[in-house]
Structure formats: C-alpha cells, structure tokens
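I set out to look up how the ligand is held in this model and then to check several individual residues. My entries follow in the order in which I made them.

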Amino acid sequence: MNTQTLFKMQKALDGHIESQHNLEQEDLFDRKVLALLVEIGELANETRCFKFWSVKPASEIDIILEEFVDGVHFILSLGIECGFEDLTEIPQSKSDELDATNQFLAIYEHVQKFRTSRNKEDYMQLFQSYLKLAELLGLTENQIEQAYIQKNEVNYDRQRKGY
Ligand SMILES: O=c1ccn([C@H]2C[C@H](O)[C@@H](COP(=O)(O)O)O2)c(=O)[nH]1
C-alpha cells in the first residue's frame, strides 16, 4: 500500500483535531494506543469471527470497512507521533497465515510491543499485520483507501458539528 497520501491526510486531520481541542502541547500517544485497541475490538465484534456461540453472520462489508479504517486512522496517527510518516511502502507480511481470530490476537501483541519500543521495525510489523487482517477479511487496498478518504471527511464533519 502506498501510504504517502494517507499519512498526509492523517497529519492534517490530527492537527485540526488538536487545535480544536487545544491539545498541541499534550502527549497523546497512550490515548491513541488505547483508541486503536478499542477500534480493533470494535472491528472484531463486527466480523463476529470469535463468536462460536452464535450463528449470525458478519456485518455488511461497508460496516467492516468503516471499522477497519478507524484503525488505519490511529495506526497512521501513531506513526506520525513517532516521526515515521516518511514510510512510503508497507511490505507484505511474511508471517504464517492465521485465521482471523489469531490475526486479531497477533495484532494486539504487535500494538503492545510497539507501545513499549516505539521503534520503526515494530511499527512496520504492526501495520503489516493489520493489512494482513484486511486480506483475511477480503478487503482490497483500493477499498481501504476509498473508505479511509470517506471516513477522514466524516471526521472533519464531526469536528465541525461539535462531536
Ligand atoms: O487524533 C485523532 C482522533 C480521532 N481520529 C479519528 C479516527 C477514527 O476514524 C475516529 C474515531 O472516532 P470514534 O467514532 O471512535 O469516536 O476519529 C483521528 O483520526 N485522529
């Protein structure tokens, strides 16, 4: 995935949100980590991949995509916090193929590792594992980019309306 446009859009949105809420001087890293963990949980809930006690199907693709790109927002935002927005390419993950449940659990581990180290290698692994999940969920790069652009605009709208 070519991430340059997304990093640029995310940086502008984050700057806008921070100035709206007078947060330019605050360290938002841990709050963004928690926000990401919550978004990953919301996505898991919509896929229902772990709900062995239920026969209901996953939510519609548009709902899954919207939840997925909420996570993309916070991953990009955390990358910007660490000065990694020059990353142009996130290479495909070389790790073993897992089912969706185990991929979610692997992502949670990558988030924790990156939270502690804040290094680029762990960041790339987190991003890669999240994109691997997209593949498992049947989402294409094009769908993700379009859904990201749409949700980015919704996020501005919400700020305008006093969200
Ligand atoms: O600094 C921030 C704070 C929030 N969001 C976006 C990411 C998600 O798309 C959305 C999450 O909002 P909730 O729907 O969870 O309130 O806000 C950002 O991009 N940057």
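**Entry 1. Polar contacts of the ligand.** I began with the cut-off: a polar contact is a pair of N or O atoms within 3.5 Å. I also noted that this is a predicted model. With that cut-off in hand, I looked up Y163, where a polar side-chain atom lies 2.4 Å from an oxygen atom of the ligand. I then turned to D70 and found a polar side-chain atom 2.6 Å from an oxygen atom of the ligand. For R158, the corresponding distance from a polar side-chain atom to a ligand oxygen atom is 2.9 Å. I recorded the cover next: on its own the ligand has 470 Å² of accessible area, and the protein covers 78% of it.

**Entry 2. The shell around the ligand.** Which residues are the closest to the ligand? I listed Q10, D14, D70, R158 and Y163, out of 13 residues that surround the ligand. I sorted the shell by class and obtained six charged, four nonpolar and three polar residues. I then checked where the ligand sits, and the space that the ligand takes is the largest pocket. Two or more residues of the shell come from each of helix 1 (4-20), helix 2 (29-47), helix 3 (61-81) and helix 6 (141-160). Which element gives the largest share of the shell? I found that helix 1 does, with four residues.

**Entry 3. H16.** I located H16 in helix 1. Is H16 buried or exposed? I entered H16 as partly exposed, because its relative accessible area is 26%, and the partly exposed class runs between 20% and 50%. I also looked up the separation of H16 from F74: the two residues are 58 apart in sequence, and their C-alpha atoms are 15 Å apart in space.

**Entry 4. T47.** I found T47 in helix 2. Its relative accessibility is 9%, so I entered T47 as buried, the limit for that class being under 20%. What lies 2.8 Å from a polar atom of the side chain of T47? I identified the backbone oxygen of A44.

**Entry 5. I64.** I placed I64 in helix 3. I64 counts as buried because its relative accessibility is 7%. I compared its position with that of S54: I64 and S54 are 10 residues apart in sequence, with 18 Å between their C-alpha atoms.

**Entry 6. Positive phi values in loops.** I looked up N22 and noted a phi near 50°, a positive value in a residue other than glycine. Where is N22 placed? I found N22 in the loop between helix 1 and helix 2. N22 is entered as exposed because its relative accessible area is 64%, and exposed means over 50%.

I then looked up R118, whose phi is near 55°, again positive in a residue other than glycine. R118 lies in the loop between helix 4 (100-117) and helix 5 (120-136). With a relative accessible area of 38%, R118 is therefore entered as partly exposed.

Definitions and conventions. Residues numbered from 1 in each chain as written. Predicted model: local features only at pLDDT ≥ 70, side-chain atom pairs only at ≥ 80, totals over all residues. Heavy atoms only, no water. Near = heavy atom within 4 Å. Polar contact = N/O pair within 3.5 Å; in protein donor to acceptor, adjacent residues only side chain to side chain. Areas by Shrake-Rupley, 256 points an atom, 1.4 Å probe, with all protein chains shown as cover. 1 Å grid on protein atoms, 1.4 Å probe; cavity = no way out; pocket = protein on both sides within 12 Å on 5 of 7 lines; lining within 4 Å. Sits in = over half its atoms within 2 Å of the grid points. Nonpolar A, V, L, I, M, F, W, Y, C, P; charged D, E, K, R; others polar. Buried < 20%, exposed > 50% of the residue type's maximum accessible area, 1.4 Å probe, protein only.
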